[in-house]
Amino acid sequence: MKVAESITEVRREVGLARETGKTVGLVPTMGALHEGHYSLMRAARQECDYVVVSIFVNPTQFAPGEDLAAYPRTFEADKTGCENEGVDLIFAPAVNEMYPRENLTWIDVDKMGTYLCGAARPGHFRGVCTVVAKLFNIVAPDIAYFGQKDAQQVAIIERMAADLNMPVEVRRCPTVREADGLALSSRNRYLNSEQRRQGLSLARALHAAEQMIGAGERNAGVIISAMKEIVEAEPEAAVDYISIVDSDLLRPVEIVAGKVLIALAVKIGPARLIDNILVDPAG
């Protein structure tokens, strides 16, 4: 496994792989890797001949006052994990490698970035789309792998790639959870044991919503109220949003009439946790 810090080096290494007819898979990450990330690497390893993992804490997707400085950085452990998963190349650039000058060109997917996390984090998805587009241009992967846990992010990246005719397939992989149901996240390490227990309320609320829809409930407001009651029973839980949106453009729905994304973001202690499920009442 090689580690590259420059765009030039990445392009050279990927070019050498291409010369031998290898297909290229990319797993974009911000590091602090966990089993969710490793599951993406395994999917890439199964489908592609050459696997690239990017590790870059992207400053343009953090708003002022967010946890950019505190975001966990565990490069040596991440490097070992990538090597164990058979990764061929880690791309770990410095900020001035990705943004060598004032960035004047941005990618912003209209409408889809204004709901859910986008409502509370203006500019977040502009930063996400711009850095992912940069990574696509640098690595030129055949397939790029993203987790369903960040459902809004992967939906927006899918739309960006389609709208801009990017020659990459965006692969959406299932959310990885702990045995008790907590969705894996790099931010989970912010939680103490009691806060982590309270974080399980997100999965419980989603499960309750799925059961309500399965029992015939179609009023989104009723479902959301029931979910909110479950989460707010925890003393440190502060709901950012609980939403039911269509699975295409992520627009809020009043009646569950087709496949929907049920998503929520909740602040518990120092961490902002997100989770979601896709539900189709037609089965």
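A residue counts as partly exposed when its relative accessible area lies between the buried limit, under 20%, and the exposed limit, over 50%. Arg159 has 32%, so Arg159 is partly exposed. The model is predicted, and the same scale serves for the other residues below.

Start with Arg159 itself. Its side chain meets that of Asp163 in a salt bridge, 3.0 Å from N to O. Both residues belong to helix H7, residues 151-163. They are four residues apart, which means a separation of about one helical turn. Asp163 has a relative accessible area of 48%. That value is under the exposed limit of over 50%, so Asp163 too is partly exposed.

Now turn to strand S2, residues 24-29. How many of its residues are buried? Six of the six are, so the strand is largely enclosed by the rest of the structure. The cover lies on both faces. Val24, Leu26 and Pro28 are buried on one side. Gly25, Val27 and Thr29 are buried on the other.

S2 has strand partners. Strand S3, residues 50-55, runs parallel to S2 and is joined to it by six bridges. Within this pairing, Val24 of S2 has Tyr50 of S3 as its bridge partner. Between the two strands the chain passes through helix H2, residues 35-47. This β-α-β crossover is right-handed. S2 also pairs with strand S5, residues 143-147, again in the parallel sense. Two bridges make up that pairing. Leu26 of S2 is matched with Ala144 of S5.

Helix H2 leads on to another contact. Arg45 in H2 and Asp88 form a salt bridge, with N and O 3.0 Å apart. Asp88 sits in the loop between helix H3 (75-84) and strand S4 (89-91). The two residues are 43 residues apart, and the pair links distant parts of the chain. Is each partner buried or exposed? Arg45 is partly exposed, at 28% relative accessibility. Asp88 is partly exposed as well, at 23%.

Further along the chain, Asp180 forms a salt bridge with Arg196. Their closest N and O atoms are 2.7 Å apart. Asp180 lies in the loop between strand S6 (169-173) and helix H8 (193-214), while Arg196 lies in H8. This pair, 16 residues apart, also links distant parts of the chain. Asp180 has a relative accessible area of 40% and is partly exposed. Arg196, at 26%, counts as partly exposed.

Salt bridges can also join into a network. Glu194, Arg197, Arg204 and Glu234 are linked in this way. In total, the structure has 19 salt bridges.

Empty space is the last topic. Rolling a probe the size of a water molecule over the atoms shows where such space is left. The second largest pocket holds about 240 Å³. Its lining comprises 16 residues. Met98, Asn103, Thr130, Lys134 and Asn137 lie nearest the centre. Which elements give two or more residues to this lining? They are helix H1 (7-19), helix H4 (95-98) and helix H6 (124-139). H6 gives the most, with five residues. By type, the lining divides into eight nonpolar, four polar and four charged residues.

How values were computed
Residues are numbered from 1 along each chain as its sequence is written. This is a predicted model: local features need pLDDT of at least 70, side-chain atom pairs count only at pLDDT 80 or more; totals for chains, interfaces and linings use all residues. Side-chain values use heavy atoms; hydrogens and water are left out. Buried means under 20% relative accessible area, exposed over 50%, partly exposed in between (1.4 Å probe, protein chains only). Two strands pair if DSSP finds at least two bridges between them. A crossover is right-handed if, with the strands pointing away from the viewer, the path from the first strand over the helix to the second runs clockwise. On a 1 Å grid over the protein atoms alone, a cavity is a set of points where a 1.4 Å probe fits but cannot get out, and a pocket is an open set with protein on both sides within 12 Å along at least five of seven lines; lining residues have an atom within 4 Å of a point. Grid points are joined across faces, edges and corners, and a volume is the space filled by probe spheres set on the points. Ala, Val, Leu, Ile, Met, Phe, Trp, Tyr, Cys and Pro count as nonpolar, Asp, Glu, Lys and Arg as charged, and the others, Gly among them, as polar. A salt bridge is a side-chain nitrogen of Lys or Arg within 4 Å of a carboxyl oxygen of Asp or Glu.
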